[in-house]
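Good morning. Please look at the sequence and the model on the screen, and I will go through them part by part.

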Amino acid sequence: MEEKDFRVGTRIDHEKYGEGIISQNNNLTIKALFVRGGGEIEFSKANVQFEVLAESELPDDGRPRLDVKEFERMLTLVLNKFNGIEYKAELGKKWEGGTMVLQPANPELKPKEIPIETFFHKIVMMRDRLRVLEQNINSHPGLSDEDKVNLQQYITRIYGSMTSFNILFDDKNDYFVGSKL
């Protein structure tokens, strides 16, 4: 690989870390940002093992020529592509193919059966929408810090109320967590 391949902004593919972008080119090392595989990683130039996917379109000084509007548009695209909503939580294996039965106390009424996958999907969608609401509250310019904290407490209580559904998740990292008092 030639030196020109190490320009800041060059898109690369690494066997372990996946796709990334070179963020720094120093005398002996290169730093690259990997969205899915570990953040910023530093490599020795003597032992670089990645494939160049696209040459940098930045000028030789490495500084992008973007105005604020273009930067906002690019940032929005990246955030929309890699936000937490894209992540898919997995249903616990023991629940796959299962059915949830809601049996009324009145024996004259028919029970309601719902596939657990359908119920689980609705729970995950609720959690994702709560996360978006939380982000919108925290970044809202019209709310005071006190208002943000008060609204955040409501969301935390909602998460706490939903901890009963944690049994459905395959991975404990996906669990609902309320306040830890």
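How much accessible surface does the protein have, and what share of it belongs to carbon and sulfur atoms? The accessible surface comes to about 13400 Å², and 54% of it belongs to carbon and sulfur atoms. Such areas are computed with the Shrake-Rupley method and a 1.4 Å probe, and for residues only the protein chains shown count as cover.

Some ground rules. This is a predicted model, in which local features need pLDDT of at least 70 and side-chain atom pairs count only at pLDDT 80 or more, while totals for chains, interfaces and linings use all residues. Residues are numbered from 1 along each chain as its sequence is written, and side-chain values use heavy atoms, with hydrogens and water left out.

Now the overall layout. The protein has three helices and seven strands. Here helices (H or I, at least four residues) and strands (E, at least two) are DSSP runs, numbered from the N terminus. Along the sequence the pattern reads β-β-β-β-β-α-β-β-α-α. Of the 181 residues in the protein, 23% are buried. Buried means under 20% relative accessible area, exposed means over 50%, and partly exposed is in between, with a 1.4 Å probe and protein chains only. For contacts, meaning heavy atoms within 4.5 Å, consider those in the protein with a separation of 6 or more: 41% of them are between residues 24 or more positions apart.

Next, the sheet. Five strands form an open sheet, in the order E4-E3-E2-E1-E5, with antiparallel pairing. Strand E4 (39–44) and strand E5 (50–54) stand at the edges with a single partner strand each, so one side of each has no neighbour in the sheet. From one strand to the next the twist averages 40°. Two strands count as paired if DSSP finds at least two bridges between them. In general, strands of a sheet pair through backbone hydrogen bonds, either parallel or antiparallel.

Let us walk across the sheet, beginning at E4. E4 and E3 pair over six bridges in the antiparallel sense, and Phe 34 has Gly 39 in E4 as its bridge partner. Strand E3 (residues 29–34) is joined to E2 by five antiparallel bridges. One bridge partner pair here is Ile 21 and Leu 33, the latter in E3. E2 and E3 form a hairpin, with three residues between them.

Strand E2 (residues 18–25) is also joined to strand E1 (residues 11–14), by four bridges, and these two run antiparallel. A hairpin through three residues makes the link from E1 to E2. Opposite Ile 12 stands Gly 20 in E2, and opposite Asp 13 stands Glu 19 in E2. E1 also pairs with E5, antiparallel, over four bridges; there His 14 stands opposite Phe 50 in E5.

Which side chains of E1 are buried? Ile 12 and His 14 point to one face and are buried, whereas Arg 11 and Asp 13 point to the other face and are not. This follows a general rule: in a regular strand the side chains alternate between the two faces of the sheet.

One residue of E2 deserves a stop: Gly 18 belongs to that strand. Gly 18 has a relative accessible area of 21%, so it counts as partly exposed. Leaving out residues up to four places away in sequence, Gly 18 touches Ile 12, Asp 13 and Phe 34.

On to the cores. A nonpolar core is a set of buried Ala, Val, Leu, Ile, Met, Phe, Trp, Tyr and Cys residues joined through side-chain atoms within 4.5 Å. The largest one has 16 residues, of which Phe 120, Ile 123, Leu 168, Phe 169 and Phe 176 touch the most other members. H2 and helix H3 (145–161) are the elements that give two or more residues to this core, and H2 has the largest share, seven residues. Apart from it lies another core, of ten residues, including Ile 12, Tyr 17, Ile 22 and Phe 34.

Last, Arg 127, in helix H2 (residues 116–139). Is Arg 127 buried or exposed? Its relative accessibility is 2%, so Arg 127 counts as buried. Its side chain reaches the backbone oxygen of Asp 174 at 2.7 Å; a polar contact is a pair of N or O atoms within 3.5 Å, and within protein one must be able to donate a hydrogen and the other to accept it, while residues adjacent in sequence count only if both atoms are side-chain atoms. Beyond its neighbours within four places in sequence, Arg 127 is in contact with Ala 89, Tyr 159, Phe 169, Asp 174 and Phe 176.

Conventions. Axes are lines fitted to C-alpha atoms, for helices over the stretch in contact, and angles run from 0 to 180 degrees between N-to-C directions.
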